[in-house]
Amino acid sequence: MIRFRQIEAFRHLIITGTGTAAAKRMQITQPAISRLISDLEEDLGFALFRREKGRLEPTVAGLRFYRAVEENFLGLERLKQVADSIRSEASESLNITCLPVLSTTLLPLVLKVFRQAHPDVVVKVDPCSMGELMSRLQDMKTDVALSLEFAEIAGIEIEPIFATKVMCAMPSDHPLTAKSVITPQDLEGENVIGWLPKGALSFGAERSIIEGAGIHPHYTVETNNSHTRYAMVANGIGISIVEPFAYAVWQAHGVTIRPFEPAPTYGYVLAYPRASLRSEITLDFRQAVLDVVKRYNFTASPRE
């Protein structure tokens, strides 16, 4: 029966090229290395090395076997890294992936509630794009994600949490602030900060509504970053159809929002790796999210 120690000796011998160096890596004697390799060859039924000019050279069979060994060792090394990481952490941790705008608006309020019950839990927040967010979920590199809704994808479980309509953001001294509701017709001739088109995962429905009404505003800047859109509005570069989360941050910088009609509705979700078991910490984070969104005020300052 093949033993792990034999495989370890074989791998070190291939990598270092000499029995002395392999023995040093494993902190055993050179004769012990020779015995391990000899026993492995007997168990396998073929030669792994041949001696040429005083050096051990792997046979063709030995190289083929090494490729299989290395593939498996990479998996073992990954497990070792995970174990080292877990062992080095002083307390339990929660890995959260979310859209950048949610990491600066909704998430801090959620963590304020969550940490009342778990003050010692280390929370790791990874703001990223939709594509990266879904990859991390599928690869099981995060415990939970806060995201704009997306179509069902293999390996990901989605839980809708709430939906909201987009708004129209403008500088506080803009003439359109006199209106209680902004319509596509109000955008005729206006400079508009638009969303880069990225299919169903962007806020691109705004353009369809506006152009469907026969309106063609001047798109001065296009970006998929919500805070960038608000910043452009705050500096008078244009008005923009926006998600309402970041308004709490940008209100103090001279930005005003008004309802936009007809407005598309966007849903937001909690998402989890489908194959993973949810820890008690993850479930408590979920409850904190649900508690916060029930009373979330899009027009309040972040401290309220």
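Colleague: How many bridges join strand β3 to β4, and do they run parallel or antiparallel?
Modeller: This is a predicted model. Strand β3 covers residues 93-98. Asn95 stands opposite Lys124 in β4, and Cys98 has Pro127 as its bridge partner there. The two strands are joined by 6 bridges and run parallel.

Colleague: Which strand is joined to β3 by 3 bridges?
Modeller: One pair to look at is Ile96, which stands opposite Val144. Val144 belongs to β5. The pairing is parallel, and the strand, residues 144-148, is β5.

Colleague: In what order do the strands of the sheet with β3 and β4 lie?
Modeller: The sheet is open and has 5 strands with mixed pairing. Its edge strands, each paired on one side only, are β4 (122-127) and β6 (156-165). From one strand to the next the twist averages 20 degrees. The order is β4-β3-β5-β12-β6.

Colleague: Ile158 is found in strand β6. Is Ile158 buried, partly exposed or exposed?
Modeller: Strand β6 is an edge strand of its sheet. Ile158 still touches Phe150, Ala151, Glu152, Val269, Leu270 and Ala271, leaving out residues up to four places away in sequence. Buried would require under 20% relative accessible area. Ile158 has 27%, so Ile158 is partly exposed.

Colleague: What distance separates the C-alpha atoms of Ile158 and Ala271?
Modeller: Ala271 is among the residues that Ile158 touches. Along the chain the two are 113 residues apart. Their C-alpha atoms are separated by 4.5 Å.

Colleague: Which strands stand at the edges of the sheet ordered β9-β8-β10-β7-β11?
Modeller: This open sheet has 5 strands, and the pairing is mixed. Its neighbouring strands are turned by 30 degrees against each other on average, direction ignored. Each edge strand has a single partner, so one side of each is left without a neighbour in the sheet. The edges are β9 (218-222) and β11 (255-259).

Colleague: Which residue of β10 stands opposite Cys168?
Modeller: Strand β7, residues 167-171, is joined to β10 by 3 bridges. The two strands run antiparallel. Opposite Cys168 in β10 stands Ile241.

Colleague: Which helix lies across β8, β9 and β10, and which touches β7, β8, β9, β10 and β11?
Modeller: Residues 205-212 form the helix across β8 (191-194), β9 and β10, and it runs at about 175 degrees to β9. Residues 226-234 form the helix that packs on the sheet and touches β7, β8, β9, β10 and β11. The direction of this second helix makes about 150 degrees with that of β10. The helices are α8 and α9.

Colleague: Ser240 lies in strand β10. Is Ser240 buried or exposed?
Modeller: Ser240 is in contact with Met167, Cys168, Ala169, Ile193, Arg229 and Val233, leaving aside its neighbours within four places in sequence. The cut-off for buried is under 20% relative accessible area. Ser240 has 1%, so Ser240 is buried.

Colleague: With which side chain does the side chain of Ser240 make a polar contact?
Modeller: Arg229 is among the residues in contact with Ser240. The polar contact runs from side chain to side chain, at 2.8 Å. The partner is Arg229.

Colleague: Which helix gives the most to the largest nonpolar core?
Modeller: In soluble globular proteins, nonpolar side chains tend to be buried together. Here the largest nonpolar core has 65 residues, and those with the most contacts inside it are Leu106, Leu146, Phe150, Tyr230 and Phe285. The helix that gives the most, with 7 residues, spans 280-294 and is α11.

Colleague: Which residues does Leu106 touch?
Modeller: Leu106 is one of the residues with the most contacts inside the largest core. Residues up to four places away in sequence are not counted. The list is Leu146, Phe162, Phe245, Val292, Val293 and Tyr296.

Colleague: What share of the 304 residues in the protein chain is buried?
Modeller: The chain has 11 helices and 12 strands. The chain exposes about 16200 Å², with carbon and sulfur atoms supplying 53% of it. Buried residues make up 42%.

Definitions and conventions. Residues numbered from 1 in each chain as written. Predicted model: local features only at pLDDT ≥ 70, side-chain atom pairs only at ≥ 80, totals over all residues. Heavy atoms only, no water. Helix = DSSP H or I, 4+ residues; strand = E, 2+ residues; numbered from the N terminus. Buried < 20%, exposed > 50% of the residue type's maximum accessible area, 1.4 Å probe, protein only. Areas by Shrake-Rupley, 256 points an atom, 1.4 Å probe, with all protein chains shown as cover. Pairing = 2+ DSSP bridges. Axes fitted to C-alpha atoms, helices over the stretch in contact; angles between N-to-C directions. Core = buried A, V, L, I, M, F, W, Y, C linked by side-chain atoms within 4.5 Å. Contact = heavy atoms within 4.5 Å. Polar contact = N/O pair within 3.5 Å; in protein donor to acceptor, adjacent residues only side chain to side chain.
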